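Got your viewer open and a selection box ready? Here's a short walk through the model, one selection at a time.

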Amino acid sequence: MTDTESRLHNSNFLRACRREPVDHTPIWIMRQAGRYMKEYRDLREKVSFLEMCKNPELAAEVTLMPIEPIGVDAAILFADILLIVEPTGVGLTFAKGEGPSLSNPVRSGDDVKRLREVEPAESLNYVFEAARLVRQGLPGDIPLIGFCGAPFTVASYMIEGGGSRDYLHTKTLMYRDPGAWHALMELLSRGLVKYLNGQIAAGAQAVQLFDSWVGCLSPDDYREFVLPHSRSVIQGVTPGTPVIHFGTGTATLLEMVCEAGGDVIGLDWRIQLDEGWKRVGYDRGVQGNLEPLVLLAEPDEIRRRAKIVLDRAGGRNGHIFNLGHGIMRQTPVEHARALVDAVHEFSAR
Ligand code: CP3
């Protein structure tokens, strides 16, 4: 290992991924590069979100934006879980002030057959280029986290055409045409493995799988329709690279989420961290799990709540501090900084 590699390898974040002792509990914040930062909003006045993602220089700049001001222990690549849908032939736009919108959604077996295989080396090379630039620009002890959406969450957007409350079309396809469902999940899984490994080759030291909406499923449906596919993505990741497996609303699915895999399991705020870790098992790390809206409270309250999460982790090796889901755009930047400082201070060994 070169000196540079060894500094990264021994960073608190990667040590925590391997459940090794750390100087302090590492923290990063989901959506840490985003609209709660003025510098981000200023850039967005001039450039659309998708243009930002597809311009490696801008994506790298935004990835680095929160590192020093917020003081986090890891960077996450600026991109989106939905970029992978474009190369399948599904159109993607982000309307101003609204969420993503996907054209020609996938609703039938014939729609699934029309999808193209994803070859990220061609169609998503801009993400890999951004990762290379970020790695050059990051301090030597700050790891870069690559990521993708888990097959279920990506599929749900492709089928619904956007965000959803009840996942009507998603579950309709799942129940009416399980063959088409599994074919879609397999196509996505093949593309996602190549996509994650491309990010790793370009400079990411760890990856996170976002299964943000999987909490809408019954345990039986998770086992039949989702678990095998998330597992095949995780098993395909370049050996030696830690995988964080995150979902929300997973309190009833946690054991199966673990079965699908992951070195570190992401917990949302609806479960207590100590209870969650006990169910996950101490042979894996956990990430989480402060309620994101606590960051709208005063710094004293943020510190008090951060301490409760740390107390529940009990100083055990393998805890990565994070919010239970993404940071809200209404969060004052000083509050994000106050959280990071509190976590570092309270957890100093
Ligand atoms: O965490 C980071 O800072 C890295 C970048 C990142 C973004 N999206 C940037 C983004 C990551 C990791 C994501 C993942 C993502 N994207 C998820 C999973 C994470 C989660 O929150 O559950 C999902 C479901 C998406 C799909 C998506 N992209 C939605 C639903 C939206 C709209 C959200 C909103 O608040 O309006 C986006 C847009 C998006 N992705 C923005 C950013 C910074 C906002 C774009 C803008 O208007 O500037």
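Is Leu296 buried, partly exposed or exposed? Select Leu296 and switch on the surface: its relative accessibility is 39%, so Leu296 counts as partly exposed, since that label covers values between 20% and 50%. Bear in mind as you go that this is a predicted model.

**Stop 1: around Leu296**

To place Leu296 in the chain, show the cartoon for strand 8 (285-290) and helix 16 (299-313); Leu296 sits in the loop between these two elements. Now add Leu293 and Met328 to the selection. Together with Leu296, they make a nonpolar surface patch of about 240 Å².

**Stop 2: the ligand**

Next, pick the ligand and expand the selection to the residues around it. You should get 24 residues, and the ones that come nearest are Arg31, Arg35, Tyr40, Ser212 and His325.

Show sticks and check some distances. For Arg35, a side-chain N or O atom is 2.4 Å from an oxygen atom of the ligand. Tyr40 also has an N or O atom in its side chain that pairs up this way, with a ligand oxygen at 2.5 Å. Then add Arg44, where a polar side-chain atom lies 2.7 Å from a ligand oxygen. How much of the ligand does the protein bury? Taken alone, the ligand exposes 880 Å², and the protein buries 90% of that.

**Stop 3: the sheet**

Hide the sticks and go back to cartoon. Look for an open sheet of seven strands, paired in parallel, in the order 1-4-5-6-7-8-9. Color strand 1 and strand 9 (319-323): these are the edge strands, and each pairs on one side only.

Which residue of strand 4 stands opposite Ala75? Zoom in on strand 1 (residues 75-76), which runs parallel to strand 4 and is joined to it by two bridges. Opposite Ala75 you'll find Leu144.

**Stop 4: strand 4**

Select residues 144-149, which make up strand 4; six of its six residues are buried. Turn on side chains here and look along the strand. In a regular strand, side chains alternate between the two faces of the sheet. In strand 4, Leu144, Gly146 and Cys148 point one way, while Ile145, Phe147 and Gly149 point the other way, and all are buried.

**Stop 5: strand 5 and its neighbors**

Move to residues 206-211, which form strand 5 and pair with strand 4 in the parallel sense over five bridges. To line the two up, label Ile145 and Ala206, which stand opposite each other, then Gly149, which faces Phe210 across the pairing.

Strand 5 is mostly covered as well, with six of its six residues buried. Ala206, Gln208 and Phe210 point one way, and Val207, Leu209 and Asp211 point the other.

Last selection: residues 243-247, strand 6, which pairs with strand 5 over five bridges, again parallel. Here Ile244 stands opposite Gln208, and Phe246 stands opposite Phe210. Keep Phe210 labeled to see both of its partners: Gly149 in strand 4 and Phe246 in strand 6.

Key: Residues are numbered from 1 along each chain as its sequence is written. This is a predicted model: local features need pLDDT of at least 70, side-chain atom pairs count only at pLDDT 80 or more; totals for chains, interfaces and linings use all residues. Side-chain values use heavy atoms; hydrogens and water are left out. Patches are made of residues with over 30% relative accessible area and no salt bridge: like charges are joined within 9 Å, nonpolar side chains (Val, Leu, Ile, Met, Phe, Trp, Tyr) within 5 Å. Accessible areas come from the Shrake-Rupley method with a 1.4 Å probe; for residues, only the protein chains shown count as cover. A salt bridge is a side-chain nitrogen of Lys or Arg within 4 Å of a carboxyl oxygen of Asp or Glu. Helices (H or I, at least four residues) and strands (E, at least two) are DSSP runs, numbered from the N terminus. Buried means under 20% relative accessible area, exposed over 50%, partly exposed in between (1.4 Å probe, protein chains only). A residue is near a molecule or strand if one of its heavy atoms lies within 4 Å of it. A polar contact is a pair of N or O atoms within 3.5 Å; within protein, one must be able to donate a hydrogen and the other to accept it, and residues adjacent in sequence count only if both atoms are side-chain atoms. Two strands pair if DSSP finds at least two bridges between them.
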